[in-house]
Amino acid sequence: MQTEVFQGILIPFLGTTLGSACVLFMKNRLNQMVQRALTGFAAGVMVAASVWSLLIPAMEQSEPMGKLSFLPAAAGFWLGILFLLLLDRAVPHLHMNSSKAEGPKSSLQKQVLLVLAVTLHNLPEGMAVGVVYAGWLSGDAGITAMGALSLSLGIAIQNFPEGAIISMPLRAEGVSKGRAFLYGTLSGAVEPVGAALTILAAGFVVPLLPYLLSFAAGAMVYVVVEELIPEMSEGKHSNVGTVLFAAGFTVMMALDVALG
């Protein structure tokens, strides 16, 4: 069980690392069609995970409240939305074309701000993985190992293009390939750290699981609606992202229900 948890919290970090490694092998950015497909699939997985792996278990944990069992889930969900909303106001928006934003800062300064934005956005994602695994380890949260793993995989898929959009523009600004890869990789290092700290605090986490699970769901849905859906719908052939969104949603739903 410990091995499964360790692997699960490292999977999102692996996604960032693989994305950052694109700078070592590619001269240009990720192919737009591939980027759109990955983003759409990740969005579908994360929405389904928010429902089956986070919100439904949160309401099941609150069943003693009867018809009001939705209240902790609703409260936690809105806390997650508002937290990411405040985070977006504090740091630059994390869009794939952030490096093209206009303003008085130099292009390299914009890339540094983008690294900061990705890093800060990754922290609640890591905590979401930690909350799910803490719930699974507790044994009575209605969370399955497959549900937790699927959430990790969905975040990892999302992190792949994130790693690329950090490392490759840095390389274009004259940063060496090795340093560009390192900076991209380090932006994802906060995820396993956040997940591990959340699991270590399980004694405090488990009693608050209905709120924390739905908080993670709110954070995931915010990222999907604010960041992923606009990216998968941008430009020509936006239906590719839509179809892959549906595929990701279906895969996650099937895994969680059939194998849970």
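Biologist: How do I read aromatic pairs, and how many are there by the rule?

Modeller: Rings of Phe, Tyr and Trp (its six-membered ring) pair if their centres lie within 6.5 Å; planes under 30 degrees apart count as stacked, over 60 as edge-to-face, and the rest as tilted. Here the count comes to three aromatic pairs. One of them joins Trp52 and Phe249, an edge-to-face pair with 5.7 Å centre to centre and 70 degrees between the planes.

Biologist: Before I trust that, what sort of model is this?

Modeller: It's a predicted model, where local features need pLDDT of at least 70 and side-chain atom pairs count only at pLDDT 80 or more, while totals for chains, interfaces and linings use all residues. Residues are numbered from 1 along each chain as its sequence is written, and side-chain values use heavy atoms, with hydrogens and water left out.

Biologist: Fair enough. Which helices hold Trp52 and Phe249?

Modeller: Helices are DSSP runs (H or I, at least four residues; strands are E, at least two), numbered from the N terminus. Trp52 belongs to α3 and Phe249 to α11 (residues 239-258), so this pair links distant parts of the chain, 197 residues apart.

Biologist: Is Trp52 buried, partly exposed or exposed?

Modeller: Buried means under 20% relative accessible area, exposed over 50%, and partly exposed in between (1.4 Å probe, protein chains only). Trp52 has 24%, so it is partly exposed. Phe249 is partly exposed too, at 24%. Now look at Tyr133 and Trp136: their ring centres are 6.1 Å apart with planes at 75 degrees, so that pair is also edge-to-face. Both sit in helix α5, three residues apart, about one turn of the helix. Tyr133 and Trp136 are both buried.

Biologist: Let me zoom out. How many helices and strands does the chain have?

Modeller: The chain comes to 11 helices and zero strands. Of its 260 residues, 48% are buried. The chain exposes about 12000 Å² (Shrake-Rupley method, 1.4 Å probe; for residues, only the protein chains shown count as cover). Carbon and sulfur atoms supply 70% of that area.

Biologist: And how do I read a core? Which residues have the most contacts inside the largest one?

Modeller: A nonpolar core is a set of buried Ala, Val, Leu, Ile, Met, Phe, Trp, Tyr and Cys residues joined through side-chain atoms within 4.5 Å. The largest has 40 residues, and those with the most contacts inside it are Ile9, Leu54, Val132, Tyr133, Leu151, Leu213 and Met220. The elements giving two or more residues to this core are α1 (2-20), α3 (32-61), α4 (70-90), α5 (107-138), α6 (145-172), α8 and α10 (209-232). The largest share, 10 residues, comes from α10. Apart from this core lies another of 10 residues, among them Cys22, Val115, Ala164 and Ile166.

Biologist: Take Val132 as a case. Which residues does Val132 touch?

Modeller: Contact means heavy atoms within 4.5 Å. Not counting residues up to four places away in sequence, Val132 touches Leu54, Ile143, Ala148, Leu151 and Leu213. Chain-wide, among contacts between residues at least 6 apart in sequence, 85% join residues at least 24 apart.

Biologist: What about one-sided helices? Which residues of α8 are buried?

Modeller: In α8 (residues 190-200), the buried ones are Glu191, Pro192, Gly194, Ala195, Thr198 and Ile199. They cover an arc of only 160 degrees around the axis (taken from the directions from the helix axis to the C-beta atoms), which puts them on the same side of α8. The face turned away from that buried side carries the exposed residues Leu197 and Leu200.

Biologist: Which residues are buried in α7?

Modeller: Ala180, Gly184, Thr185 and Ser187. Their arc is also only 160 degrees around the axis, which puts them on the same side of α7. Thr185, found in α7 (residues 177-187), counts as buried because its relative accessibility is 10%. Setting aside residues up to four places away in sequence, Thr185 touches Phe13, Thr16, Thr17 and Ser20.

Biologist: And what does Tyr183 contact?

Modeller: Tyr183 lies in helix α7 and, at 32% relative accessibility, counts as partly exposed. Leaving aside neighbours within four places in sequence, Tyr183 is in contact with Val115, Ile166, Leu170 and Val175.
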